[in-house]
Amino acid sequence: MSNPDIIDELAGIVVGSRLDLIRYDRVEARDNAQKSYLALFDPDDQSDVSVRDRFAIASFVAGLHGDDRVTRHYLAQLDAEKPSKAVSSAIEHEVQQGKASGPYGAYPAGPLTRENVTGPAYRVAAANRDVLGSKLTAALEHAHLLVLHPRDAGPAALQALLDTGWSTTGIVTLSQIVAFLAFQIRVVVGLRVLDRKFAADRLDAAE
Amino acid sequence: MTDQVITYPDNIEPNVFTREELGWVPWLQPLSEDELTDRHRAGLVDPSRAKSPYFMLLARDPDILAARTKTDKDIFYNTKTGLPRAEREIAAAATSRTNGCIFCASVHARFAWQHSKRSDDVQKLLGEGIYADIDPSWNAIIDASAALTKTPQGFTESHIDELRRAGLDDVAIVDVINGAAFFNWANRLMLSLGEPTPPAAAA
């Protein structure tokens with residue numbers, strides 16, 4: 001895997017720009033966000049989760065966040081792993097089925113119950129379960145929970161993963177992939193908005 | 001041995017946002033200290049984390065844990081420039097309040113309170129939520145963090161205008177973005193891999 005800074009690439013940050021220089025004020029965070037990406041997507045050990053499955057899960061998670069640029073990146077990486085075209089088509093279809101506004105979900109019964117927000121239930125479509133296989137199907141259902149209604153998580157959701165053959169270590173990696181993407185996408189979105197603001201500042205200054 | 005979840009039928013999960021010191025128990029088996037290899041120890045970064053079931057569970061994938069921990073430390077502790085510690089903790093607490101992570105919110109509300117000494121204002125965020133009216137600076141940080149936390153993200157240039165009006169410079173604005181983004185990572189692990197337990201009874 002080539003090694004340009006992936007957040008810079010996805011946010012469209014130009015070397016030497018104002019935002020690039022600001023990012024060097026947090027160079028440890030910048031470098032370790034990149035190392036996190038490589039640890040998850042170019043791992044030394046893929047005995048618990050294959051790279052193909054990692055990109056399939058990431059493509060679905062990025063799609064649920066609704067960011068086209070990031071989604072295209074992960075789908076392209078998935079296609080480079082050469083699963084059948086049906087796999088990426090199934091993921092794209094599942095993104096459309098699973099998209100929702102979050103976070104929604106319920107709190108433990110008590111004073112916060114009035115803050116409960118109901119959202120759509122999500123299951124992988126019957127037609128795609130065979131294409132994706134039971135492990136990846138279970139992973140997408142878990143990813144949907146973590147992306148859109150993380151406070152609804154519970155031990156039963158982890159049991160469902162174990163029942164389809166996920167190991168405890170594999171579940172830790174899966175959880176990190178989904179949670180890391182939730183971070184990476186928000187940094188990309190935030191920096192992109194700030195970069196647009198800088199461009200607007202320059203226009204104002206030029207007038 | 002087939003892997004199995006661990007459940008806690010007798011645990012009474014906290015059902016309010018609080019600054020008290022909660023516990024947390026894992027639904028999957030953490031590593032035990034005698035299972036730790038040098039690679040696992042490198043993943044833990046701080047040796048004291050071997051006492052934490054949360055970090056000992058995450059140590060099952062040590063490479064991502066190490067990189068994540070170092071990202072976390074720079075975003076929250078590198079205060080030579082940018083946002084002061086208390087305001088970074090407010091971004092973390094507001095994010096946790098939005099996602100509904102009672103455990104993370106308790107830890108970072110406590111830190112925000114310790115660094116700012118603003119007990120009532122921290123309590124207002126916990127009690128009233130992200131629409132609490134506190135002051136222009138905290139309101140702007142809370143609004144921006146909550147907007148970035150939503151899926152799809154509702155963070156716009158108007159949030160940057162608000163942060164600037166509250167006196168934040170560009171590095172501080174990146175600190176808000178990083179702090180809120182990072183807690184979207186942390187909340188999802190804490191919420192999905194285990195559950196909070198009540199504060200230990202006062203001795």
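1. Is helix H3 of chain A largely enclosed by the rest of the structure or not, and how many of its 15 residues are buried? In this predicted model, 11 of the 15 residues of H3(A) are buried, so the helix is largely enclosed by the rest of the structure. A residue counts as buried when its relative accessible area is under 20%.

2. Helix H3(A) covers residues 27-41. From its first C-alpha to its last, the helix reaches 21 Å, close to the 21 Å expected at 1.5 Å a residue. Among its buried residues are A:Ala29, A:Arg30, A:Asn32 and A:Ala33, as well as A:Tyr37, A:Leu38 and A:Phe41.

3. In chain B, attention is drawn to the packing of helix H8 (residues 157-165) against helix H9 (residues 170-193). Their axes are 10 Å apart and form an angle of about 125°; H8(B) and H9(B) are therefore oblique to each other. The crossing of the two helices is right-handed.

4. Helix H8(B) contributes B:Ile160, B:Leu163 and B:Arg164 to this contact, while H9(B) contributes B:Asp170, B:Ile173 and B:Val176. By character, four of the residues in the contact of H8(B) with H9(B) are nonpolar, two are charged and none is polar.

5. A further point concerns B:Thr37, which is found in the loop between strand E1 (23-26) and helix H1 (38-44) of chain B. Its relative accessibility is 38%, so B:Thr37 counts as partly exposed. B:Thr37 and B:Ile142 are 105 residues apart along the chain, and 41 Å separates their C-alpha atoms.

Note on methods: Residues are numbered from 1 along each chain as its sequence is written. Chains are lettered from A and ligands numbered from 1 in the order in which they are written. This is a predicted model: local features need pLDDT of at least 70, side-chain atom pairs count only at pLDDT 80 or more; totals for chains, interfaces and linings use all residues. Side-chain values use heavy atoms; hydrogens and water are left out. Axes are lines fitted to C-alpha atoms, for helices over the stretch in contact, and angles run from 0 to 180 degrees between N-to-C directions. Helices (H or I, at least four residues) and strands (E, at least two) are DSSP runs, numbered from the N terminus. Angles under 35 degrees count as roughly parallel, over 145 as roughly antiparallel, 65 to 115 as roughly perpendicular and the rest as oblique. A crossing is left-handed if the near helix is turned anticlockwise from the far one by less than a right angle, and right-handed if clockwise. Contact means heavy atoms within 4.5 Å. Ala, Val, Leu, Ile, Met, Phe, Trp, Tyr, Cys and Pro count as nonpolar, Asp, Glu, Lys and Arg as charged, and the others, Gly among them, as polar. The expected span of a helix is 1.5 Å times one less than its number of residues. Buried means under 20% relative accessible area, exposed over 50%, partly exposed in between (1.4 Å probe, protein chains only).
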